[in-house]
Amino acid sequence: MHKPAILGGQKAVPDGMIKPWPPIEDVDRRYVMASLEGGKHTFGPNCVEFEKEFAAWNGNKFAITTNSGTAALHMAVAACGCGAGDHVIVPAYSWSSSVTCVIHHNCIPVFVDMDFDTMNMDVSKIESAITPKTKAILVVHLHGLSVNMDAVLAVARRHNLKVIEDACQAHGARFKGRKVGLWGDCTAFSLNQNKCLCSGEGGMLVTDNEDLYKNARTLWSFGETRSPAESRDYHAYALGWMYRNNDLTAAFGRAQLTRLDRYLETQRRNAAVLLDELKSVCGLILPVEPKGHLHNWYNFQIRLNVQELGWTGNPARLRDAMLKALAAEGVPAGIWQRFILPVMTVFQAKNAYGKGCPWSCPYTNDVVYDPAAFPASRRHLDAHFGMTTPLRAPNGPEAVKAVALGIRKVFENANKLDVDKILK
Ligand SMILES: Cc1ncc(COP(=O)(O)O)c(C=O)c1O
């Protein structure tokens with residue numbers, strides 16, 4: 001039983017054991033079919049209700065539903081008054097659009113390294129990244145763990161900066177008992193296929209500030225000031241995009257929202273089982289949930305401890321070979337990001353709008369993107385892998401224990417893996 005499948009042993013996770021995400025029930029079918037037959041396929045009644053229900057669920061005064069989390073992020077940057085040449089502080093490791101949203105509004109991203117233990121932005125390094133041009137701090141609650149918002153808000157208050165939360169992965173995560181989305185000036189959530197609240201694609205911007213809400217609404221729909229649910233004058237009062245959601249997607253999102261709290265409880269229970277099953281396995285670094293934080297376990301991230309594994313080569317090669325061994329066990333693990341953000345071509349080549357814009361425009365101060373300045377992010381990059389589906393409803397302890405067995409088999413036999421042969 002303990003011989004790894006890649007070396008001819010029995011697979012730890014039988015085919016079909018891990019159920020796909022998200023679960024589809026009759027309530028989803030009812031909402032979606034009612035929308036389909038309701039005749040309002042653009043921004044319709046389900047969009048209006050979804051905004052109200054999501055705002056109520058998270059405890060915010062205002063919500064705007066969008067066609068992606070990226071759109072909601074861009075709207076947050078604009079709503080907070082960030083504009084041409086302003087610097088915005090961002091994490092060096094995240095999804096690309098956590099940062100390209102800043103360039104979309106002609107602002108300049110300034111990166112801060114990761115705190116290796118939490119994998120979130122190192123809050124102790126924010127202050128030294130502030131420049132006279134800094135307008136906002138954009139934090140990402142990565143993998144579903146909230147950033148230490150006390151530390152972020154303290155710096156923001158000292159320097160009069162706006163705070164934007166990228167909560168695209170963090171539905172229901174809390175810091176000191178308070179949900180993400182209730183700390184900063186504006187927050188973006190994603191509703192894409194893989195997110196804890198899935199509507200296929202989509203997003204949600206939330207805020208408690210009426211002025212920011214109005215700014216965001218204007219950007220959201222062609223620069224107009226009236227929502228399509230009201231009578232429109234079809235006048236562009238400001239530069240706008242087409243970031244609206246549609247009725248079918250909102251109907252699906254509303255149906256899923258009725259079960260979101262249950263889903264999150266399942267994820268937390270499954271994560272506790274996985275942490276317990278893996279706690280004595282040598283050679284891996286388990287994710288942490290520091291005191292005062294409530295994780296939503298969107299993505300369960302494991303890092304290799306190469307010293308403990310006795311590996312002296314490139315950590316990424318051992319990790320990649322172990323991933324193949326995990327796949328042979330039936331463990332659906334993967335690598336979420338293979339690059340830190342500052343090395344991505346858009347930042348190194350500064351090719352966003354052409355002609356060096358916005359970095360070389362006269363209204364700003366250019367910044368240098370030196371990959372060597374982000375050692376913790378780079379260390380993480382070579383050592384991590386993660387998984388989402390096994391922790392999600394309807395999966396339970398049986399599936400999680402099978403996954404844990406697969407991981408244990410691979411780690412306990414790491415020295416028997418022929419890395420060169422596996423990666424050939
Ligand atoms: C941290 C983070 N920010 C932003 C996004 C963008 O969300 P969307 O794909 O809905 O545009 C994602 C998801 O892909 C994400 O994980």
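**Exercise 1. The ligand site**

Find which residues surrounding the ligand are the closest, and which polar side chains reach its atoms.

*Solution.* Start with the neighbours: 17 residues surround the ligand, counting those with a heavy atom within 4 Å of it. The closest are Gly69, Thr70, Asp166, Gln169 and Ser190. Before going on, note that this is a predicted model, in which local features need pLDDT of at least 70, side-chain atom pairs count only at pLDDT 80 or more, and totals for chains, interfaces and linings use all residues. Residues are numbered from 1 along each chain as its sequence is written, and side-chain values use heavy atoms, with hydrogens and water left out.

Next, look at N and O atoms. A polar contact is a pair of N or O atoms within 3.5 Å; within protein, one must be able to donate a hydrogen and the other to accept it, and residues adjacent in sequence count only if both atoms are side-chain atoms. The side chain of Thr70 has an N or O atom 2.6 Å from an oxygen atom of the ligand. For Asp166, a side-chain N or O atom is 2.7 Å from a nitrogen atom of the ligand. Ser98 places a polar side-chain atom 3.4 Å from a nitrogen atom of the ligand.

**Exercise 2. The two sides of helix H5**

Work out where the buried residues of H5 fall when you look down its axis.

*Solution.* First, locate the helix: H5 covers residues 149–159. Helices (H or I, at least four residues) and strands (E, at least two) are DSSP runs, numbered from the N terminus.

Second, list what is buried, meaning under 20% relative accessible area, with exposed over 50% and partly exposed in between (1.4 Å probe, protein chains only). In H5 these are Met149, Val152, Leu153, Val155 and Ala156. They fall within an arc of 160 degrees, so they line one face of the helix; the arc is that of the directions from the helix axis to the C-beta atoms. A reminder helps here: an α-helix has 3.6 residues a turn, so residues three or four places apart point the same way.

Third, check both sides. The buried residues pack against strands E4 (134–140), E5 (162–166) and E6 (174–175), with contact meaning heavy atoms within 4.5 Å. Arg157 and Arg158 are exposed on the face turned away from the buried side.

Finally, inspect the ends. At the start of H5, a side-chain oxygen of Asn148 comes within 3.1 Å of the backbone nitrogen of Asp150. Asn160, which follows H5, has a positive phi near 55 degrees.

**Exercise 3. Aromatic rings**

Describe how the rings of Phe111 and Phe374 are arranged, and which cluster they belong to.

*Solution.* Apply the rule: rings of Phe, Tyr and Trp (its six-membered ring) pair if their centres lie within 6.5 Å; planes under 30 degrees apart count as stacked, over 60 as edge-to-face and the rest as tilted. The count comes to 16 aromatic pairs. Phe111 and Phe374 are edge-to-face, with 6.2 Å from centre to centre and 80 degrees between the planes. Along the chain they are 263 residues apart: Phe111 is in strand E3 (residues 108–112), and Phe374 is in the loop between helix H11 (345–350) and helix H12 (375–383). Both Phe111 and Phe374 are buried. Ring pairs join them with Phe347, Trp359 and Tyr369 into a cluster.

**Exercise 4. Unusual backbone**

Most residues other than glycine have a negative phi, and most peptide bonds are trans. Find where His143, Tyr234, Pro22 and Pro358 are placed, and what their backbone shows.

*Solution.* Take the phi angles to begin with. His143, in the loop between E4 and H5, has a positive phi near 65 degrees and is buried, at 2% relative accessible area. Tyr234, in the loop between helix H6 (210–220) and helix H7 (247–257), has a positive phi of about 50 degrees and is exposed at 62%.

Then take the peptide bonds. Trp21 to Pro22 is cis, with omega near -5 degrees, and Pro22 is in the segment before helix H1 (26–38). Cys357 to Pro358 is also cis, with omega near 10 degrees; Pro358 is in the loop between H11 and H12.

**Exercise 5. A glutamate in a loop**

Is Glu224 buried or exposed, and what does it touch?

*Solution.* Glu224 is in the loop between H6 and H7 and is buried at 5% relative accessibility. Its side chain makes a polar contact of 2.8 Å with that of Arg232. Not counting residues up to four places away in sequence, Glu224 touches Arg217, Thr218, Arg232, Tyr234, His235 and Tyr237.
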